[in-house]
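Trainee: Could we go through this model together, beginning with the ligand and then moving on to some single residues?
Mentor: Sure, ask away once it's on the screen.

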Amino acid sequence: MRAWGDLPGDDPKPGDDPKKDQADERAEKEAALEAAGIDLDPAPPGSHRHGDETHPSDHVHPHVHSGPDEPPVIGIVGAGAVGTALGVALTRAGWPVHAVASRDAGRRERFSSLVGVTRAFADPEPILDEVELIILAVPDDAVAELAGSLRMYSGQAMIHTSGALGAEVLAPAMAAGTQIGAFHPLVAFADTERAVAALRGATIAIEGDDQLASMLADMAEAIGATPVRLAPGTKAAYHAAAVLAAGGFIALLDAIAELGRVAGLDEAGSLAIYGPLIEGTLGNARALGIRAALTGPMTRGDVGTLEAHLATLAAYAPGVLDLYVAAARREIDLAETRGALAPEASEKMRELLAAALQARPEPVP
Ligand SMILES: NC(=O)c1ccc[n+]([C@@H]2O[C@H](COP(=O)([O-])OP(=O)(O)OC[C@H]3O[C@@H](n4cnc5c(N)ncnc54)[C@H](OP(=O)(O)O)[C@@H]3O)[C@@H](O)[C@H]2O)c1
């Protein structure tokens with residue numbers, strides 16, 4: 001933004017036509033004031049302008065309307081992983097995205113070329129003059145502040161894509177006749193095309209009052225996903241499980257790859273070797289249930305094998321110890337519920353796990 005000190009000076013400019021010089025100078029000053037965010041002709045209180053027209057602030061927006069049987073006019077704030085993939089999926093499904101807001105010119109351009117939006121803005125505010133459904137696809141921590149800086153017009157709805165936040169975080173953006181909701185796809189958005197494909201068959205958790213929820217359910221179905229409504233108060237648990245299934249599983253894979261390196265495998269080698277074992281285990285769990293799918297030394301009470309693993313971890317992969325111990329404790333609990341584990345064996349294994357954590361050298365500060 002331009003500072004006052006940067007405004008054009010008052011010194012007369014040399015020229016043959018002093019009137020033209022004055023007009024040029026005035027235009028230059030006005031442009032500088034506008035660039036500095038100063039409105040020289042503010043709309044009266046309770047109203048706002050579009051071009052030369054002045055409207056009362058509570059008149060119905062946006063100025064782009066969908067037809068009676070058409071999807072709403074959509075705008076997405078945030079051209080990151082979720083915003084872009086959702087934009088692509090919606091547009092391909094016949095729910096075109098009209099506008100995008102992203103502060104980053106590169107991301108804005110990428111979004112526009114992939115999604116084919118009509119309007120692209122650096123700031124989110126202008127989107128409110130353009131669309132009926134505003135999708136905030138910004139980081140969880142930015143949602144509340146962003147909602148607090150926006151004010152919807154009657155007839156509009158705003159949703160976010162966070163799994164961690166409830167729809168109520170959008171309340172500051174509400175005005176009479178507006179609605180808020182949430183649309184959380186249970187997909188790991190690591191790559192745009194892979195995420196668009198993964199949306200087909202994925203679950204999307206929906207929040208909103210009945211009218212909005214019904215529209216969001218149609219939107220989820222249009223992109224091939226299954227809409228679900230969660231019971232009140234359960235969203236955090238639902239999302240924590242999703243975080244374990246996606247990021248938590250990647251942490252587990254990383255630990256597997258670290259141990260694979262000790263055995264001489266690179267990452268691709270580990271994925272090639274342990275991938276089928278993981279897929280087989282998932283298949284077993286689907287077919288037999290989680291408890292019945294448990295295999296390994298903890299189910300048999302193989303204390304000697306556990307001891308060997310803990311010694312190797314301490315020597316060659318100490319960073320994996322915490323995860324191994326946490327998983328082993330859970331496996332022992334599970335094996336006990338199957339009734340197949342001798343109590344002495346489970347007790348001995350728990351002692352070994354506790355001792356391994358205690359023997360671990362203190363991390364260097
Ligand atoms: N990633 C996933 O797998 C996943 C899955 C389901 C749900 N979600 C949820 O979807 C939301 C977006 O996640 P994401 O992974 O797409 O994040 P992301 O890739 O980091 O993209 C976030 C976008 O929001 C913009 N942004 C950041 N801070 C902002 C602010 N203060 N005001 C306005 N815009 C801001 C970013 O910057 P620019 O404006 O500079 O472009 C970017 O375009 C989150 O609520 C997340 O929990 C994520």
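**The ligand and its surroundings**

Trainee: Where does the ligand sit?
Mentor: First, a caution: this is a predicted model, so local features need pLDDT of at least 70, side-chain atom pairs count only at pLDDT 80 or more, and totals for chains, interfaces and linings use all residues. A pocket is an open set of points on a 1 Å grid over the protein atoms alone, where a 1.4 Å probe fits, with protein on both sides within 12 Å along at least five of seven lines. A molecule sits in one if more than half of its atoms lie within 2 Å of its grid points. By that rule, the ligand's place is the second largest pocket.

Trainee: Which elements give two or more residues to the shell around the ligand?
Mentor: Helices (H or I, at least four residues) and strands (E, at least two) are DSSP runs, numbered from the N terminus. The elements that qualify are helix H2 (81-92), helix H4 (140-148) and strand S8 (179-185).

Trainee: And which residues come nearest to the ligand?
Mentor: Before you look them up, residues are numbered from 1 along each chain as its sequence is written, and side-chain values use heavy atoms, with hydrogens and water left out. A residue is near the ligand if one of its heavy atoms lies within 4 Å of it. There are 21 residues around the ligand, and those that come nearest are Val 82, Ser 102, Arg 107, Asp 140 and Thr 161.

Trainee: How do the residues of that shell divide by type?
Mentor: Ala, Val, Leu, Ile, Met, Phe, Trp, Tyr, Cys and Pro count as nonpolar, Asp, Glu, Lys and Arg as charged, and the others, Gly among them, as polar. On that basis the shell holds 11 nonpolar, six polar and four charged.

Trainee: How far is a backbone N or O atom of Val 82 from an oxygen atom of the ligand?
Mentor: A polar contact is a pair of N or O atoms within 3.5 Å; within protein, one must be able to donate a hydrogen and the other to accept it, and residues adjacent in sequence count only if both atoms are side-chain atoms. Ala 79 has a polar backbone atom 2.9 Å from a ligand oxygen, and a backbone N or O atom of Ala 81 also lies 2.9 Å from one. For Val 82 the distance is 2.8 Å.

Trainee: How much of the ligand's exposed area does the protein bury?
Mentor: Accessible areas come from the Shrake-Rupley method with a 1.4 Å probe; for residues, only the protein chains shown count as cover. Taken alone, the ligand exposes 890 Å², and the buried share is 74%.

**Some single residues**

Trainee: Is Thr 84 buried or exposed?
Mentor: Thr 84 belongs to helix H2. Its side chain reaches the backbone oxygen of Ala 79 at 3.1 Å and that of Gly 80 at 2.8 Å. Buried means under 20% relative accessible area, exposed over 50%, partly exposed in between (1.4 Å probe, protein chains only). With a relative accessible area of 0%, Thr 84 is therefore buried.

Trainee: Which backbone oxygen does the side chain of Thr 299 reach?
Mentor: Thr 299 is in helix H10 (residues 297-300), and at 10% relative accessibility it counts as buried. At 2.5 Å, its side chain reaches the backbone oxygen of Gly 296.

Trainee: What about Arg 194: is it buried or exposed?
Mentor: You'll find Arg 194 in helix H5 (residues 192-199). Its C-alpha is 8.9 Å from that of Ala 85, although the two are 109 residues apart in sequence. Its relative accessible area is 68%, so Arg 194 is exposed.

Trainee: How far apart in space are Thr 203 and Pro 185, C-alpha to C-alpha?
Mentor: Thr 203 lies in strand S9 (residues 203-207) and is partly exposed, at 24% relative accessible area. In sequence Thr 203 and Pro 185 are 18 residues apart, while in space the separation is 6.0 Å.

Definitions and conventions. 1 Å grid on protein atoms, 1.4 Å probe; cavity = no way out; pocket = protein on both sides within 12 Å on 5 of 7 lines; lining within 4 Å.
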